[in-house]
Amino acid sequence: MPNQERIEQLEAFKIKERFILDHWEDREVESSSERIIEQMRTEVLRFADFLINQLRAEVPNLQELVQTFFTEWDNENFTQDETEFIVEVEYEAMRIAGVKIDDLLI
């Protein structure tokens with residue numbers, strides 16, 4: 001898939017509603033506070049923007065850059081459940097960008 005098409009799909013990904021009550025119930029965990037959920041949404045948007053910027057720049061090492069992104073990610077404000085939820089949402093963005101999820105250490 002060409003980068004421009006990936007970018008368009010990532011832009012569409014960004015406007016989807018995430019972390020709503022039904023999603024929490026599906027995970028069988030208690031919903032976080034609205035403040036934390038907003039921070040979680042911000043993290044997902046930040047990651048999507050990161051991917052879009054890398055695709056626009058046509059970087060040859062996207063896989064490595066994504067690994068570095070997660071290695072340097074400061075997720076101390078989130079619980080383990082919240083972190084896992086964020087990453088699971090970001091899997092969709094990674095698939096769109098062509099990142100090999102199984103090759104990442106998160």
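## A walk through an all-helix chain

From the N terminus on, the elements of the protein chain run α-α-α-α-α. In total the secondary structure comes to five helices and zero strands. Please keep in mind as you look around that this is a predicted model.

Let's begin with the overall form. The C-alpha trace of the protein chain spans about 40 × 25 × 20 Å along its principal axes. The radius of gyration of the protein chain is 14 Å, which agrees with the value near 13 Å that a compact globule of 106 residues would have. Of those 106 residues, 40% count as buried. The contacts tell us how the chain comes back to itself: among those between residues at least 6 apart in sequence, 67% join residues at least 24 apart.

Now for the outside. The protein chain exposes about 6600 Å², and carbon and sulfur atoms supply 46% of that area. As for charge, the protein chain carries 11 positive and 26 negative side chains. The centres of these two sets lie 5 Å apart.

From the surface we can turn inward. The largest nonpolar core has 32 residues, and the members that touch the most other members are Phe-19, Phe-47, Leu-51 and Val-66. Helix H1 (3–14), H3, helix H4 (62–72) and helix H5 (80–97) each supply at least two residues of this core. The largest share, 10 residues, comes from H3.

Val-66 is a good place to see what surrounds one of these well-connected members. Leaving aside neighbours within four places in sequence, Val-66 is in contact with Phe-47, Phe-50, Leu-51, Met-94, Val-99 and Leu-104. Two of the partners in that list, Phe-47 and Leu-51, are themselves among the core members with the most contacts to other members.

Phe-19 is another of those members, and its setting is worth a pause. Phe-19 is placed in the loop between H1 and helix H2 (21–27). With a relative accessibility of 2%, Phe-19 counts as buried. Its backbone also deserves a look: phi of Phe-19 is near 65°, a positive value in a residue other than glycine. For context, most residues other than glycine have a negative phi.

A second positive phi can be found at Glu-58, which is not a glycine either and has a value of about 50°. Glu-58 also sits in a loop, in this case the one between H3 and H4. Here the surroundings are of another kind, since Glu-58 is exposed, with a relative accessible area of 59%, whereas Phe-19 is buried at 2%.

Back at Phe-19, we can step across to Ile-37. The two residues are 18 apart in sequence, and their C-alpha atoms are 6.6 Å apart in space. Ile-37 belongs to helix H3 (residues 34–56) and counts as buried, with 3% relative accessibility. Not counting residues up to four places away in sequence, Ile-37 touches Phe-19, Trp-24, Ser-31 and Ser-32.

Further along the same helix, H3, comes Glu-43. Is this acidic side chain's residue buried or exposed? At 13% relative accessibility, Glu-43 counts as buried, because the limit for that class is under 20%. Beyond residues up to four places away in sequence, Glu-43 touches Trp-73, Phe-78, Ile-86 and Glu-90. Of these partners, Ile-86 and Glu-90 fall within the residue range of helix H5 (80–97).

Helix H5 also holds Glu-92. At 26% relative accessibility, Glu-92 counts as partly exposed. Glu-92 touches Phe-13, Lys-16 and Arg-18, again not counting residues up to four places away in sequence. In another direction, the C-alpha atoms of Glu-92 and Ala-48 are separated by 9.9 Å, although these residues are 44 apart along the chain.

We can end at the beginning of the chain, in helix H1, where Glu-5 is found. Glu-5 is partly exposed, with a relative accessible area of 37%. Glu-5 and Arg-35 are 30 residues apart along the chain, and their C-alpha atoms are separated by 33 Å. Set that beside Glu-92 and Ala-48, which are 44 residues apart along the chain with 9.9 Å between their C-alpha atoms.

Key: Residues are numbered from 1 along each chain as its sequence is written. This is a predicted model: local features need pLDDT of at least 70, side-chain atom pairs count only at pLDDT 80 or more; totals for chains, interfaces and linings use all residues. Side-chain values use heavy atoms; hydrogens and water are left out. Helices (H or I, at least four residues) and strands (E, at least two) are DSSP runs, numbered from the N terminus. The radius of gyration is taken over C-alpha atoms; the globule rule is 2.2 Å times the number of residues to the power 0.38. Buried means under 20% relative accessible area, exposed over 50%, partly exposed in between (1.4 Å probe, protein chains only). Contact means heavy atoms within 4.5 Å. Accessible areas come from the Shrake-Rupley method with a 1.4 Å probe; for residues, only the protein chains shown count as cover. Lys and Arg count as positive and Asp and Glu as negative; His and the chain ends are not counted. The place of a charge is taken as NZ of Lys, CZ of Arg, CG of Asp or CD of Glu. A nonpolar core is a set of buried Ala, Val, Leu, Ile, Met, Phe, Trp, Tyr and Cys residues joined through side-chain atoms within 4.5 Å.
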